[in-house]
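Let's take a walk through a protein structure together, one step at a time. Keep the picture open as you read, and turn it whenever a new part comes up.

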Amino acid sequence: MNILNNLRVAFRSLTANMLRSVLTILGIVIGVAAVVALLSIGKGATQSVTSRVENLGSNLISVSTRRSFQPGVVGDTSATLLYSDYQAILANVTNVRAIAPVYSSGAQVIYQDKTSNYQVTGINEDYLTVYSYTVASGRPLLASDNESQSKVVVIGSQVATDMFSGLNPLGRSLTIDKVKFEVIGVLASKGSSGFGSGDDVVLIPLQTGYTYLFGSRARLNGKATLSSISMSAADANSVNTVISEVETVLRGQHGLGLNDTLPFSVSSQAQALSTLNQVTSTLTAFLGAIAAISLIVGGIGIMNISLVSVTERTREIGLRKAVGAPRRAILVQFLIETMTLAIIGGVFGVLLGVGIAMIVSISGVIQASITWDTITLAFTSAALVGLFFGIYPAYQASKKSPIEALRYE
Amino acid sequence: MIEVENLVKTYKVGDDDVHALDGVSLKINEGEMVAIMGPSGSGKSTLMAILGCLDTPTSGSYRIDDKEVGRLNENQLANLRAHKIGFVFQMFNLLPRTSAIENVELPLIYDGVTPKQRNEKAVEALQVVGLQDRMHHRPNQLSGGQQQRVAIARALVNDPAILLADEPTGNLDSKSGTEIISLFQKLHKEKHLTVVYVTHDPFIARHTERIIHLRDGKIVFEEHVQNPIQAGTPRPDEEIDSLHGNSDLDVEVAA
């Protein structure tokens, strides 16, 4: 019995019970649609998180104090990042493209009658390179600004909008904690990173900050301290080498042995990214698994209806066997019926799932990523569900004895 | 061609064994036309099912063309049903929602015959049973007699050597029944087909050359009919007592 004939028989029997077939298919449609929609949305979320993190800067490594380290111990220089650490790293660590010492502190920023609180960050000339900022207008901070301790400031696009509301900020003066700074540059927007905006930054030369702004907060036993040190490895392959070199330098600087716990975290963006990716892929897999459950429920529906159909058509099975149908032919006939249900369900499920993903994208909640992989996976799963849940009823049909089947009432 | 020896078929009903067939031996030669008679429960349908390879005996031997059927596996039995035997049922057993010609084509589908050849052979078989102008009717658009003729066409389409029929006229009025028996006689005569049918009607039985009488799963006796009735001959006013009433029947008691 060839496929074409089987398909014709399958369609005839499925259309004979139209409502029943449609309801059975609906189970698969919902399952497949759920798989397609949830996987697409999950993938979309992963991609958006990844691109935002990558946007922070490439091959980024940052050193910061572990906040939970030795609580209550104040004045312990071994646990505080110092400007001298930066100098040591700069002098000893190779394969670094750019390295920026960072001291960050909240401050009041005033322009005319507008007052706002921002995180004011003292930086050097490498900072913009490390974080992949570009200057939209004006100029970046230069090494000479630090040397001369100029009172100049570079602001993020959000700060420019908020403080100057449409005016060109260049050349205007901002009062930061009572010290006047001249705006020399405005950064291009980076968009939201999901971890606070990269556009509401106020950047000043670090040395200017130490002298005029941060005061004693930035001093520990007379030494200049840092919030963090950010650097950019020369290339992706040298990230791990740089991390271990930095750790060695820090141990030396703070008099720590190899077995002492380092009170600083030295982490790369790649690590953060892989952690994030792990989280989002776990989430996607989880969503997919939930969707798969509904697909399995749909499969059980197929199996149920198929068993009913086998029972109803016992006499037909008996007759087919009486005229010479071998077991295999009966098995294939019923399998093709369940596969037909599953595949029709798969087609409509993919369409519905893609539709849902598109609506979600259009609504702007999340940009779903619909890939052929997802569609193929969902469709194949549907066909496999049809095959798996069809085998038992088909087997039941094929093993009926012809005479008993013919006499079935 | 058909040889049955000491055939036993036992069914379990609750804790009891019911002997549907209790040691049946018979021989049917090629080209013979035979009727099997007996009251209900005599085992005649069970015997037919075994002869048609639809059922297997509990014990005993069944040979077709000197080949032991009991030793065949399920697929070989299916093959035998497809090629050697045409089976006609009391209830017609046509597929619903399926045209006459598609019903007739059914055995050929399992035989791997091409669609074109299937169609040709099915048309031919429907012509033999005189339904060439009803080919695309569905079973529910056909009379009982017509449905049984479609079923006969289906049984004939693979050119079997043996045509078996279990109460083929049982669900038909006498006119349609006569048409069916007439068809059997024609096939028997013209195609030299071996025809075996079960009936409980003595008049229908006497259209054959030999009548095998079953009772309680055993062959009671066989009678050879000297002058088989030609289909179309009107039924006598009084029912013929098939067992004892006619002296012109050559009565033989089976062993």
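We'll go from the chains as wholes to their helices and strands, then to the cores and the place where the chains touch.

One thing to keep in mind from the start: this is a predicted model. Begin with chain A, which has 409 residues, 43% of them buried. Its secondary structure comes to 13 helices and 12 strands. How does its radius of gyration fit with that of a compact globule? A compact globule of 409 residues would come in near 22 Å, but chain A has 33 Å. You can look for this in the box that its C-alpha atoms fill along the principal axes, roughly 105 × 55 × 35 Å. Contacts between residues far along the sequence are part of the picture too: of the contacts in chain A with a separation of 6 or more, 84% are between residues 24 or more positions apart.

Now swing over to chain B. This one has 7 helices and 11 strands, and 46% of its 255 residues are buried. Its radius of gyration is 18 Å, which agrees with a compact globule, because a globule with 255 residues would have a value near 18 Å. Along the principal axes, the C-alpha trace of chain B spans about 50 × 50 × 35 Å. If you take the contacts in chain B between residues at least 6 apart in sequence, 69% of them join residues at least 24 apart.

While you're in chain B, find its open sheet of 4 strands. The order is β2-β1-β4-β5, and the pairing is antiparallel. Which strands sit at the edges? They are β2 (16-28) and β5 (67-68) of chain B, each of which pairs on one side only. Further in, strand β1 (residues 2-13) of chain B runs antiparallel to strand β4 (residues 59-64) of chain B, and 5 bridges join them. To see one such pair, pick B:Glu5, whose bridge partner in β4(B) is B:Ser61. Strands of a sheet pair through backbone hydrogen bonds, either parallel or antiparallel.

Chain A has a strand that does both. Strand β5 (residues 152-155) of chain A pairs with strand β7 (residues 179-187) of chain A in the parallel sense, over 4 bridges. With strand β8 (residues 202-205) of chain A, β5(A) pairs in the antiparallel sense, over 2 bridges. You can check each pairing with one residue: A:Val154 stands opposite A:Gly185 in β7(A), while A:Ile155 stands opposite A:Val202 in β8(A). Where do the side chains go? In a regular strand they alternate between the two faces of the sheet. In β5(A), A:Val152 and A:Val154 point one way and A:Val153 and A:Ile155 the other way, and all are buried.

A little further along the sequence is helix α6 (residues 157-164) of chain A, with A:Ser157, A:Val159, A:Ala160 and A:Met163 as its buried residues. These lie on the same side of α6(A), because they cover an arc of only 160 degrees around the axis. After α6(A) comes A:Ser165, whose phi is positive, near 30 degrees.

Next, look inside. The largest nonpolar core has 123 residues, and those with the most contacts inside it are A:Val32, A:Val36 and B:Ala153. Helix α2 (residues 18-55) of chain A gives the most to this core, with 13 residues. Apart from it lies another core, of 57 residues, among them A:Ile99, A:Val102, A:Ile123 and A:Val152. Leaving out residues up to four places away in sequence, A:Val36 touches several residues, including A:Gly349, A:Val354 and A:Ile375. A:Ile30 also lies in helix α2 of chain A. Is A:Ile30 buried or exposed? It counts as buried because it has 21 C-beta neighbours inside 10 Å. Beyond its neighbours within four places in sequence, A:Ile30 is in contact with A:Ser294 and A:Gly298.

Finally, find where the chains meet. The contact takes 18 residues from chain A and 19 residues from chain B. On the chain A side, the elements giving two or more residues are α1 (3-16), α10 (314-322), α11 (327-363) and α13 (402-407). The largest share, 5 residues, comes from α10(A). By type, the residues on this side divide into 11 nonpolar, 2 polar and 5 charged.

Methods
Residues numbered from 1 in each chain as written. Chains lettered and ligands numbered in written order. Predicted model: local features only at pLDDT ≥ 70, side-chain atom pairs only at ≥ 80, totals over all residues. Pairing = 2+ DSSP bridges. Contact = placed C-beta atoms within 7 Å. Nonpolar A, V, L, I, M, F, W, Y, C, P; charged D, E, K, R; others polar. Core = buried A, V, L, I, M, F, W, Y, C linked by C-beta atoms within 7 Å. Buried ≥ 20, exposed ≤ 12 C-beta atoms within 10 Å, placed from the backbone. Rg over C-alpha atoms; globule rule 2.2 N^0.38 Å. Arc of directions from axis to C-beta.
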